[in-house]
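Here is a short briefing for a reader who is meeting this structure for the first time. It begins with the chain as a whole and then turns to its aromatic rings.

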Amino acid sequence: MTLAIRVLAGLVAGFLLGLALAGSTSPAAAMTVGIVTPVGTMFVNLIRMTVIPLLVSMLIASVGAITGAGLGRTGVRAVLISVGLLTAAATGSVLIAEPILAAIRIDQSAALALRASTAAASPGDMVTSASPTLATWFVDLIPQNVFKAAADGATLPLIVFAVVFGLALTRVSHARREAVLRVVEGIAETMQRLVVWILGLAPIGVFALAVPLAARLGLAAAGAVIVYLALVVALTLAAVVFLLYPIGILAGPMSASAFVSYCAPSQAIAFASRSSLAALPAMVESAERAGLPASSSRVVLPLAMGVFHFGAAVAQTVGVVFLAHLFGVTLTLSQFASVIFAVVLASFAVPGVPGGSIIAMVPVLAVANLPLDGVAILLAVDTIPDMFRTAANVTGAMTLTGVLPAPQD
């Protein structure tokens, strides 16, 4: 039995048990929820433990590798196009997902109880203070003390620091830059291995989180999850068809039919395997068959595949909006702006494992002041969205490579 099936089984079993306990006032029901809840909290803490070192190391390694690879103006264009596409995907997802998910009716007394209990268990996950002003928001992006920001879980300033550090690293001599990159890449690879181990515990963790969730929210929780699945798949497909395809066709040298043929083989492999890496040989072969320069297929394409995760921008944004409604949290305009900013940067640090986009959205939830327990809910039902998301990631890398000129350096 694959991990995805075991995780889904854990979710279903947790929901069934929670629904059976919903509304019960018996001591046995309360004792069951009381025993299971700490297990779910421990699983969430394991995920949180990996977030900061994984996020910082992958961002530094990614930025250092891209800007230090001699791509010159092509590299700058690639970054600008990537950020533009990710911002458009995240913004569009908010505008579409917010009104749709707002129409889902979840009993507010149950949602408030869930929110209160989660906040009591993990007070650092929720912020009850008033929303900051725009000026304060910008000031807080620059950490006075990086280590204090890490200790406080202030992920947005850490993301900014990691990007700036990676850019500064490109100005260091080649030998010293390579030495730093080796260390950072080693940390990133180690943290990814740790994430794989933690995901092996996901069936248990998801079960333990689903029981109290279903016990408090009842059938509304299950219905909301189904709507989330349909919405994230539909928006991922829409972003590919109505954003990536037009840009790849209009801004690149290929006709519509040629561009579709150029993307199709790697999309099929990515969809079936849920692995961008597995699709890389087909991506390179398609780029060469399409007549793209070898420098693009051998340099730009692998880098784009490794750091440009277009599908993650859609999935993470929809996930945040979904969890906000599930937990009864109203997001302000400034929080939505923070979410979009965090999604764009966090998407560059998605670990290369199935479900990696969900793990990488932990800092995005922190920016939105949402309970991190929601990660396990999304992770449990991530198999189908991950298939579409991985195909979208591959399509984004293919599109980026197809519209860029050959590297000049």
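The points below are grouped by topic.

The model is predicted, and its protein chain has 19 helices and zero strands. Buried residues make up 51% of the 409 residues in this chain.

**The chain as a whole**

- Of the contacts in the protein chain with a separation of 6 or more, 86% are between residues 24 or more positions apart.
- The protein chain has an accessible surface of about 17300 Å², and carbon and sulfur atoms account for 71% of that surface.

**An aromatic pair within one helix**

- The count of aromatic pairs, taken with ring centres within 6.5 Å, comes to six.
- One of them joins Phe-161 and Phe-165, a tilted pair with 5.8 Å from centre to centre and 45° between the planes.
- Both Phe-161 and Phe-165 belong to helix α7 (residues 155–169), where they sit four residues apart, about one turn of the helix.
- Phe-161 counts as partly exposed because its relative accessibility is 30%, and Phe-165 likewise counts as partly exposed, at 34% relative accessibility.

**An aromatic pair between two helices**

- The ring centres of Phe-271 and Phe-388 are 5.1 Å apart and their planes lie at 85°, so this pair is edge-to-face, given that angles over 60 degrees fall in that class.
- This pair links distant parts of the chain, since Phe-271 lies in helix α11 (residues 256–273) and Phe-388 in helix α19 (residues 383–403), 117 residues apart.
- Phe-271 has a relative accessibility of 30% and therefore counts as partly exposed.

**An aromatic cluster**

- Tyr-245, Phe-259 and Tyr-262 together form one aromatic cluster.

Methods. Residues are numbered from 1 along each chain as its sequence is written. This is a predicted model: local features need pLDDT of at least 70, side-chain atom pairs count only at pLDDT 80 or more; totals for chains, interfaces and linings use all residues. Side-chain values use heavy atoms; hydrogens and water are left out. Rings of Phe, Tyr and Trp (its six-membered ring) pair if their centres lie within 6.5 Å; planes under 30 degrees apart count as stacked, over 60 as edge-to-face and the rest as tilted. Buried means under 20% relative accessible area, exposed over 50%, partly exposed in between (1.4 Å probe, protein chains only). Contact means heavy atoms within 4.5 Å. Accessible areas come from the Shrake-Rupley method with a 1.4 Å probe; for residues, only the protein chains shown count as cover.
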